[in-house]
Every structure is written in structure tokens, then in C-alpha cells.
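User: Please take a close look at the ligand site of this model, together with any metal ions, and describe the contacts there with the cut-offs that apply.

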Amino acid sequence: MSEYLTLLRPDDWHLHLRDGDVLRDVLPHTAERFARAVIMPNLKPAITTTALASEYRSRILAALPVGSDFQPLMTLYLTDHTPVTEIDRAHQSGFIVGCKLYPSGVTTHSDAGVTDIRKIDLVLERMSQLGLVLQVHGEVTDLNIDIFDREHYFIDTVLAPLVLRHPKLPVVFEHITSSAAVHFVTHTRTRVGATITPQHLLYNRNEIFKGGIRPHFYCLPILKTEKDRIGLLAAATSGNPRFFLGTDSAPHARHTKESACGCAGMYSAHASLELYLEAFENAGALEKFEGFASKFGPDFYSLPRNIDTLILQKKSWIAPASYIFGSDEIIPMHANQLLRWQIK
Ligand code: NCD
Ligand code: ZN
Ligand code: ZN
């Protein structure tokens, strides 16, 4: 007997699509599942202006499968020199939903990011006035700080003061990975939310070192302890609307990950909902999935919830070993492994 799960159509509140020919390789996976996605601006060169975001958005729309009505929600990449007038332009565009804070050097393509948060206080003030969301990669960049503690340090030294300095600014703490982050988001002021990825709900840091070093489990912030994973799962399945879905699906060509200095990022777009469902079902919380996937994100962003539905079926399939990625390939999450759910 088949089991079905009908959801209001979900959205992905944190997604990397990259640019150029590879858009056609990765975009169908997201467009099949989600109505909208927040598109990260960490391209080379970065999407730092409304004009660049507009052109990027057009390239995404042009790469969509025929008949798809998927909507990319665009973001601006903040730098030390982002002018306040650019925030006004972003707001007027109608298609930019937020601005992304990458502490300079923190992750993939973040070298143009902000070197000191105090340099952008006027920009943040204008965002508060206009209601634009600040999306934050929340880790300190000091390489002397233990990699497993960088998120916790960021909360104490940057994020907690920031949300008090800008009490009206909507802030999404992206891809949270620790119990410390869950605790912070649960107890801080209103209008602070967090996205959670499928990998941080399914795996702990042992996965990176199982029988050898496994580069396809390397992402930032890095996988944490089992205790952290359990804390994240409890938050995601709690029904607390501050926690919502953001896959952080981040495609990298295979050879750039299987390398002496491999890139950070895991690819989950091919099976994102299916992976989340594994985690929610393991936790006995399937009934909590619709809020997390389809309701709390649009509510946080003050956007309408979708009205159509998506049906998932409990029917096993095996995730492919790889997908084409331009002239290279990507190794997806759960490559060659069984997944219990599929989209109908
Ligand atoms: C992301 C990427 O590859 O763009 N990588 C990652 O490990 N999460 C960047 C990011 O979201 O930090
Ligand atoms: Zn990030
Ligand atoms: Zn990301």
C-alpha cells in the first residue's frame, strides 16, 4: 500500500545555482520541487548591484524548463562599499528579497565580502527601514578559532550585538549547524529566523572521516557533533516558525571537491525534499514537515504562501551516482543510495 504526503508547494530559502551553461543542469531539480527559491549571490564576480541581480535573474528565467513557473527571489552581496542608494534600488526592483552578509573569506567566493560589520551599519539601517531581509553566513573568519566553534563565536561576537543594534532588521541566520545557534534563534528578539539544510539534519561530523576523508561531506559551516544534529532536528520538527527550509544546495564540479584542497558545498537539489523527509520520518515528525517546508519561510519573508500542492509518495528509489555539470559532473548527496520518498 502506498503512502502519500500532500504539501502546500514548498520554497527553498537558500540556494546556489551558479551561472552560465550549468544553470540548465541544476535548475530543473529545484524547479520540479519548489515554487520559489532565494538565490545566493556568491558568483565570480559577485552580484553586488541591482543591475547585476536583474541580469542574473533573466539568465535563470531563460534557463528554466519549458512551462515552469518557478520564481527566483534574488539577493545582493554586501561589500564594505555597498552604497545606501543601492539598497533603495534593490527595494524598488520588486525582485530582490534580501542582502547577504558573507564575512570576508568565510566560505566559497566570499573574498569580496564584508571585513567589519560596523562598516555597513548605514546600509543595515536602510534595510531595516525598508524591511529587506539580512541573510547571514554566521561564522567568524579567524583561522585561529577552531573550525567547529566558528559559528558559536560568531553568535557571541557579531550576531547577538547586531540584532540589538538593529532591532527592526529582519535577519535570517543561514544554514545553522549547532545547538548554540538553535538556542540563540529560539531566545533572541522577534524577526530573527534560521534556515536548516538536509545534511545538517542527517549527518554529524563523523561522516566526513568514515574510513578515510570524504570530500563530498565537506560543507560550511562544517558538520558538527551528534548532539548538535539532534538539537537541529528538534528545532526543525518543533513547529517553531523561526526555523524553516533552506537547502544550501551548492554544486561544485567533482574534481574541485576531490582535490588536495577541496571546495566546500554539498549538492542536494536532486532530492532535497526527499532527504528532509528521511530526517523528519526518522524523528517521527512527518506532520511537522509542511510548516517547515511551505509555511514558515513565506511568513518570515512576508510573502504569500503558495496555493498549489506537491505530492510525495513513499516509494523507494536510488539516487544517481552523478549528474552532468557542464563539461564535468557533480556527485550528489546520497549518491547510489536508497531514498524512501519520491515526488509524484
Ligand atoms: C556554499 C557554496 O559552495 O557556494 N558552500 C557551502 O559549503 N555551504 C557557500 C555557503 O553557503 O557558505
Ligand atoms: Zn554560507
Ligand atoms: Zn549557501
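Analyst: What follows describes the organic ligand site and then the two zinc sites. The model is predicted, so local features need pLDDT of at least 70 and side-chain atom pairs count only at pLDDT 80 or more, whereas totals for chains, interfaces and linings use all residues. Residues are numbered from 1 along each chain as its sequence is written, chains are lettered from A and ligands numbered from 1 in the order in which they are written, and side-chain values use heavy atoms, with hydrogens and water left out.Around ligand 1 there are 15 residues with a heavy atom within 4 Å of it, and the closest are R18, T107, L220, D248 and H252. By class, this shell holds four nonpolar residues (Ala, Val, Leu, Ile, Met, Phe, Trp, Tyr, Cys and Pro), two charged ones (Asp, Glu, Lys and Arg) and nine polar ones (the others, Gly among them).

Polar contacts here are pairs of N or O atoms within 3.5 Å. An oxygen atom of ligand 1 lies 2.7 Å from a side-chain N or O atom of T107, an oxygen atom of the ligand is 2.8 Å from such an atom of R18, and a polar backbone atom of A264 is 3.1 Å from a ligand oxygen. Taken alone, ligand 1 exposes 320 Å², and the protein buries 100% of that area, as computed by the Shrake-Rupley method with a 1.4 Å probe.

Ligand 1 sits in the largest cavity, where a cavity is a set of points, on a 1 Å grid over the protein atoms alone, at which a 1.4 Å probe fits but cannot get out, and sitting in it requires more than half of the ligand's atoms to lie within 2 Å of its grid points.

Turning to the metals, donors are N, O and S atoms within 2.8 Å of the metal (3.2 Å for Na, K and Ca), and sites may look incomplete since water is not among the atoms. The zinc ion (ligand 3) has H14 (NE2), H16 (NE2) and D248 (OD) as protein donors at 2.0 Å, spaced in sequence as H-x1-H-x231-D. Its four donor atoms subtend angles of 94 to 138°, which makes the arrangement irregular, because four donors count as tetrahedral only if all angles lie between 85 and 135 degrees, and as square planar if opposite donors are over 155 degrees apart and all others between 65 and 115. For the zinc ion (ligand 2), the protein donors are H137 (ND1) and H175 (NE2), at 2.0 to 2.1 Å, and the site is irregular, with angles of 54 to 147° among its four donor atoms. The zinc ion (ligand 2) and the zinc ion (ligand 3) are 3.8 Å apart.

Methods:
Polar contact = N/O pair within 3.5 Å; in protein donor to acceptor, adjacent residues only side chain to side chain. 1 Å grid on protein atoms, 1.4 Å probe; cavity = no way out; pocket = protein on both sides within 12 Å on 5 of 7 lines; lining within 4 Å. Tetrahedral: all angles 85-135°; square planar, octahedral: opposite > 155°, others 65-115°.
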